Structure formats: C-alpha cells, structure tokens
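Here's a quick briefing for anyone opening this structure for the first time. Have a look around, then read on.

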Amino acid sequence: MKTYLVTGGAGFIGSNYIHYMFKKYGDGIRIINVDALTYAGNPENLKEVEDRENYTFIKADICDKEAIARIFAENEIDRVVHFAAESHVDRSIRNPEIFVQTNVLGTAVMLNCAKAAWELPDGSFREDKKFLHVSTDEVYGSLEEDGGYFYETTPYAPRSPYSASKAGSDMLVKAYMDTYHFPANITNCSNNYGPYQFPEKLIPLIIHNALNGKKLPVYGDGKNVRDWLYVEDHAKAIDMVQEKGRLFETYNVGGHNEKQNIEIIKIILETLQEMLPENDPRKALVSEDLITYVEDRKGHDRRYAIAPDKIREEIGWEPETMFKEGIRRTIEWYFAHEEWMAHVTSGDYQKYYEEMYTV
Ligand code: NAD
Ligand code: TYD
C-alpha cells in the first residue's frame, strides 16, 4: 500500500485531489496531508475524509525543515504531491515576499527532505519513489491574443511575483532532477475551477457576488483570456502523470477551453438565471447591471493557453468535463455549501475584500 505525502491538501486543488484519490483507490492508499492552514487552507474542505483510518492531517509549514524531516523519518513515504503554495496573483502584487518564502524556500525544503529520505549511499534513489511538483502555466508568461500556445519547450518568462516564484520552484525541481537524478515530474496546469475554490479567484468571486447583488469587478477591458479546466480533471492528470508518465518529464495540463473574462462572467450570470428557481429572491439580484469595469491588474497577463498534446499522446489524458457542465456542477456545489461560503467570507476575507476592491 502506497503512502502519499500531500502538501497543501487543505486548499482548493489539494482537497479536490484528496477526494479524487480516495474515490479512486479507497482503502488501497494512505494519505498524509501537510498544510500550514493559511487563509487559503480550510479543514472544512476535508470533513468527509477526516475520520478515515488511511488519512492523517498534520499542521506544519513546508518551510519548517525539522517538521518536514520528521514526517519523512516517521513514515515510509512513496509519493510526494506538492501543492502547497501562495497562489493568488493579486496578493503577490501586494506582498511578494511570502510568495518567495513559501513557493521557493518551501519547495527547497520539500526537495531536500525527500532526497535525504530516499537517497541510497551510492547516490541512486530507492525504487519507486516519486515526487510530483504541481505548477502553473503562468511560468510561461503572457501570449498574444492572436494565437500561439504554451508547450513544454516554451521558454519560461514569468511576469508576476506569483509566477516568478513558481518558476523559481520549478527550476529547483529541474535542478534536482539534472544534478541528482532525483525522481520527479512537474505539471504545469492552466486555470482551475470547481468546488472548494476560495472566492478571491474569479469564478467563485463572481458566483458569490452575483448571488448577493454585489458588483462584479472586471479588470481592464475584460478581454484577458484564461484556459479553464475543471479541477477534477486536473486531479486525474496528476495521478496519471505520477503513475504513467516518464520520470524527469514536464507535462502541460489544460482544457483547450479559452475564454475571455467577460465571457466567463456572462456565462455564470446566464447559468445562475437558469438554475435558480422562480421563487428564489436571489433571481432578481443576478443581472448584467452588476458588471463593473475597474482599474486593471498591474502587469496583467493577456492570454494563457496550453497545448496539452504531450500528456494526451504519451499518457492518454484528456479533459473530460465540458465547461457548460463544469460550471453547472460548480454552481450546484456553491448552492449546496452556503455555510462553507459564509465561513470563508467572514473575518479576514472581509478585510481583504475591502482593501482590494473599492467598488
Ligand atoms: P490554494 O491557495 O487554494 O491552496 C494552497 C494551500 O497551501 C492552502 O491549503 C494553504 O494553507 C497551503 N499552504 C500555503 N502556504 C503553506 C506553507 N508554507 N506550508 C504548508 N502549507 C501551506 O491554492 P490552489 O489553487 O489549490 O493551488 C494549489 C497548487 O496548484 C499551487 O501550487 C498552485 O501554484 C498550483 N496551480 C493552481 C492553479 C489554479 O488555477 N488554482 C492552476 C495551476 C497550478
Ligand atoms: P484569477 O482567478 O485571479 O486567476 P489568474 O490571475 O491566476 O489567472 O483571475 C482570472 C482572470 O480574471 C484574470 O485575468 C484576472 C481577472 N479578474 C477580474 O477581472 N476580476 C476579479 O475580481 C478577479 C479576482 C480576477
């Protein structure tokens, strides 16, 4: 039975990954989730699995060398899936240092501890040990509107403190693979959406604001393009890369689902209108009149678009959830989890929202 060490498993993608893995493997795997529980980490995301015998939660910071080394010493770890990171571009523009700390130094600690635990005296590594570093397409920079895609061979050109810190972490993983032959993979994925996403990110923010009749802030001209992937498809890709991918390789993961931000907002509004029952008082609040153009994000990347050819050809992964279906499933989840939303939008979130948005 394999033991997975998942970092950042209380966040958006990490918690979806843990749910996916238990659905797929049941009692056939063990998961240890290490998370510092920053504002983005929420134990409520894992309520359904917390009583499982084959699940353990450890509250620890990935920058804490002793704590991470202890976890490796006390457990026979077979797989590391490294999600933990500061993940929001707007926050990185306001406070870049924590991004360097967690994303770069934290990744260095994870690599070093895994290497120390898995390396044999002759410098080779124990059999069937694997580290997967979860990264983003934002490391490749910004594409023009009129075409072009990110391939695994596209040179890195990060433009925000977030993407620069993720690029730094990717480079460290590459350096470990090149220097020590450390058994790892990197995945660079496009924008995710789905259940448990914190409402500082575009899609849950728009759903939440629209249902509350609050303004819908659109940065700049609203024509920036992102390539949206349903989060469960990402979780599946991570598992497939770790089990079927070639070691030392990078795989781009994307949905071939490019949309302008303004299109996303209009689709959410239409879908909310379709899904809300006639007698629901929120139906009257959901309206395009809420759309409010605001000052653009500093250094706003224009377009991201992934070419997922390599992962499809080598591993057979393809996105399964069409956007129309994925957005309905996401909205249904937010309808059914009003309490979750109420908890995460109280306290610190309120303060963040007031500082960030003047609309
Ligand atoms: P998130 O912000 O929702 O979750 C991050 C998690 O990491 C939280 O649970 C947080 O508590 C934890 N964490 C933060 N700092 C930590 C530290 N120092 N020690 C331990 N835990 C810490 O992020 P997400 O959207 O789930 O993203 C997860 C990973 O996927 C990140 O590495 C991100 O760069 C990458 N990624 C995200 C997207 C996306 O669209 N969200 C797309 C591609 C790649
Ligand atoms: P976001 O969800 O923050 O993801 P990322 O910046 O990592 O792609 O933003 C997605 C897009 O939506 C991005 O172009 C910025 C834009 N955006 C808005 O227009 N308004 C908002 O309030 C937010 C949060 C994002």
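Which residue has a polar side-chain atom 2.9 Å from an oxygen atom of ligand 2? That residue is Asn261. Before going further, keep in mind that this is a predicted model. The bullets below start with the chain as a whole, then visit the two ligands, and finish with the salt bridges.

**The chain overall**

- The protein chain is built with twelve helices and 13 strands. Its radius of gyration is 20 Å, close to the 21 Å that the globule rule gives for 359 residues, so the chain is as compact as a globular protein of that length.
- If you'd like a feel for its dimensions, the C-alpha trace spans about 65 × 45 × 40 Å along its principal axes.
- Of the chain's 359 residues, 57% count as buried.

**Around ligand 2**

- Since we began with Asn261, let's stay with ligand 2. It has 18 residues around it, and those that come nearest are Glu138, Arg226, Arg297, His300 and Tyr357.
- Arg297 also puts a polar side-chain atom 2.5 Å from an oxygen atom of ligand 2. With Pro217 the backbone does the job: one of its polar backbone atoms is 2.8 Å from a nitrogen atom of the ligand.
- How much of ligand 2 does the protein bury? Taken alone, the ligand exposes 520 Å², and the protein buries 98% of that.
- Two elements, α6 (202-211) and β8 (216-219), give two or more residues to the shell around ligand 2. Of the elements, β8 gives the most, with three residues.
- Sorted by class, that shell has eight nonpolar, five polar and five charged residues.

**Around ligand 1**

- Ligand 1 is surrounded by 28 residues, and the closest are Ile13, Asp35, Ser87, Tyr162 and Lys166.
- Several backbone atoms approach ligand 1. Phe12 has a polar backbone atom 3.0 Å from an oxygen atom of the ligand, and Phe83 has one 2.8 Å from an oxygen atom of the ligand. For Ile62, a backbone N or O atom lies 2.9 Å from a nitrogen atom of ligand 1.
- On its own, ligand 1 has 840 Å² of accessible area, and the protein covers 96% of it.
- At least two residues of the shell come from each of α1 (12-25), β5 (130-136) and α5 (161-180). The element that gives the most to this shell is β5, with three residues.
- By class, the shell around ligand 1 holds 14 nonpolar, eleven polar and three charged residues.

**Salt bridges**

- How many salt bridges does the structure hold? The count is 27.
- One of them joins the side chains of Glu76 and Lys129, at 2.6 Å from N to O. Glu76 sits in the loop between α2 (65-74) and β4 (79-82), while Lys129 sits in the loop between α4 (97-118) and β5, so this pair ties together parts 53 residues apart in sequence.
- The two partners are not equally covered: Glu76 is partly exposed, with a relative accessible area of 42%, whereas Lys129 is buried, at 5%.
- Lys129 has a second salt bridge, this one with Asp78, at 3.0 Å from N to O. Asp78 is in the loop between α2 and β4 and Lys129 in the loop between α4 and β5, so the pair ties together parts that are 51 residues apart in sequence. Here Lys129 and Asp78 are both buried.
- Glu243 and Arg79 form another salt bridge, with their closest N and O atoms 3.0 Å apart. What does this pair tie together? Glu243 lies in helix α7 (residues 231-244) and Arg79 in strand β4, so the bridge links parts that are 164 residues apart in sequence.
- Glu243 counts as partly exposed, at 29% relative accessibility, while Arg79 counts as buried, at 0%.
- There is a network too: Lys23, Glu232, Glu325 and Arg329 are joined into one by salt bridges that share partners.

Notes. Residues numbered from 1 in each chain as written. Chains lettered and ligands numbered in written order. Predicted model: local features only at pLDDT ≥ 70, side-chain atom pairs only at ≥ 80, totals over all residues. Heavy atoms only, no water. Near = heavy atom within 4 Å. Polar contact = N/O pair within 3.5 Å; in protein donor to acceptor, adjacent residues only side chain to side chain. Areas by Shrake-Rupley, 256 points an atom, 1.4 Å probe, with all protein chains shown as cover. Helix = DSSP H or I, 4+ residues; strand = E, 2+ residues; numbered from the N terminus. Nonpolar A, V, L, I, M, F, W, Y, C, P; charged D, E, K, R; others polar. Salt bridge = Lys/Arg side-chain N within 4 Å of Asp/Glu carboxyl O. Buried < 20%, exposed > 50% of the residue type's maximum accessible area, 1.4 Å probe, protein only. Rg over C-alpha atoms; globule rule 2.2 N^0.38 Å.
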